[in-house]
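Trainee: I keep meeting words such as "buried" and "tilted" when I read about structures. Could we look at one together and ask what lies behind each word?

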Amino acid sequence: ESDADDAEAEPDDDDDYPEDAEEDEIDLVVALYREDGKPAAMALPKDLANDFDEFVGQLRRVPGEAGTLGVVVIDSDFFVMVRVRGKKVEVLLSDSVAANDWPIARDAVDYLGEDIPEDEEEAGPVGDFDMFADAGLSEFDLERLCGDLDADPSDLAGDIVSKIGFGPAYKKVASAFGL
């Protein structure tokens, strides 16, 4: 019996974990926050797009007055939004099926306690749809916006952050990423 047969006989839990996104697949990693009441944005290192826990940790370090919102867009496929306010962490994933292919999407689904969808028919947004209710974007409106699975995720993320007052700051950083 060969080593390959042994590997098949005892599957490793990590075998189905998605591989990290490559540098050219990471479209955007940004933190949005308010400083002296004014919207601000800053680019974050692209490697955070592969490490949910470190991404949350970096967002905690940003001195936002009402918390910090992080946005990751990968491969024009999906976005993850994470809002950190004190100990509270809220998460929104634009397409749950991305959890099959991308580590940060897998971690977001795990964090939310959702099941990883088996097929495309189960695709759709998951998460804390009320995360921006205090900023004027209702749970219903956020869910409706995210429901457009044909929309480009970077455009959709831009629409969402514009509705909560970060449009120009987001666009400036997004353009630095070539979006």
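Mentor: Let's start at a turn: in this predicted model, E4 and E5 form a hairpin with two residues between them. Gly 86 in that turn has a positive phi of about 60°.

Trainee: How do you know that E4 and E5 pair?

Mentor: Strands pair if there are at least two bridges between them. E4 and strand E5 (residues 88-93) have six bridges, so they pair, in the antiparallel sense. Within this pairing, Val 82 stands opposite Val 91 in E5.

Trainee: And what makes E3 and E4 a pair?

Mentor: The cut-off is again at least two bridges. E3 and E4 are joined over seven bridges, so they pair, and their sense is antiparallel. Ile 74 stands opposite Phe 78 in E4. The hairpin of E3 and E4 has three residues between the strands, and Asp 75 takes a positive phi near 50° there.

Trainee: Why is strand E4 called largely enclosed?

Mentor: Strand E4 covers residues 78-85, and seven of its eight residues are buried, so the rest of the structure largely encloses it. Phe 78, which lies in E4, shows the reasoning: buried means under 20% relative accessible area, and Phe 78 has 0%, so it is buried.

Trainee: Why is the pair of Phe 78 and Trp 102 called tilted?

Mentor: Tilted pairs have planes that are neither under 30 degrees apart nor over 60. The planes of Phe 78 and Trp 102 are at 40°, so this pair is tilted. Their ring centres are 6.3 Å apart, and the limit is 6.5 Å, so they count as a pair. Trp 102 sits in the loop between E5 and H3, so the pair ties together parts 24 residues apart in sequence.

Trainee: Is Trp 102 buried or exposed?

Mentor: Trp 102 has a relative accessible area of 8%, under 20%, so it is buried.

Trainee: How many aromatic pairs does the structure hold?

Mentor: There are two aromatic pairs. One of them is formed by Phe 52 and Tyr 111, which is tilted, with 45° between the planes and 5.5 Å centre to centre. Phe 52 is in helix H2 (residues 52-61) and Tyr 111 in helix H3, 59 residues apart.

Trainee: What makes Tyr 111 partly exposed?

Mentor: Partly exposed lies between 20% and 50%. Tyr 111 has 43%, so that is its class. Phe 52 has 3% relative accessibility, so it counts as buried.

Trainee: Why is Thr 68 called buried?

Mentor: Its relative accessibility is 2%, under the 20% cut-off, so Thr 68 counts as buried. Thr 68 is found in strand E3 (residues 68-74). Leaving aside neighbours within four places in sequence, Thr 68 is in contact with residues including Leu 32, Leu 59 and Val 82.

Trainee: How do you know that the side chain of Thr 68 reaches Val 62?

Mentor: The side chain of Thr 68 comes to 3.3 Å from the backbone oxygen of Val 62. A polar contact needs a distance within 3.5 Å, so this distance fits the limit.

Trainee: What makes Arg 34 lie over the face of Phe 166?

Mentor: The distance limit is within 6 Å of the ring centre, and Arg 34 is at 4.6 Å, so the distance fits. Arg 34 also has a bridge partner in E2, namely Pro 39.

Terms used:
Residues numbered from 1 in each chain as written. Predicted model: local features only at pLDDT ≥ 70, side-chain atom pairs only at ≥ 80, totals over all residues. Heavy atoms only, no water. Helix = DSSP H or I, 4+ residues; strand = E, 2+ residues; numbered from the N terminus. Buried < 20%, exposed > 50% of the residue type's maximum accessible area, 1.4 Å probe, protein only. Polar contact = N/O pair within 3.5 Å; in protein donor to acceptor, adjacent residues only side chain to side chain. Contact = heavy atoms within 4.5 Å. Phe/Tyr/Trp six-rings, centres within 6.5 Å; stacked < 30°, edge-to-face > 60°. Lys NZ or Arg CZ within 6 Å of the ring centre and 35° of its normal.
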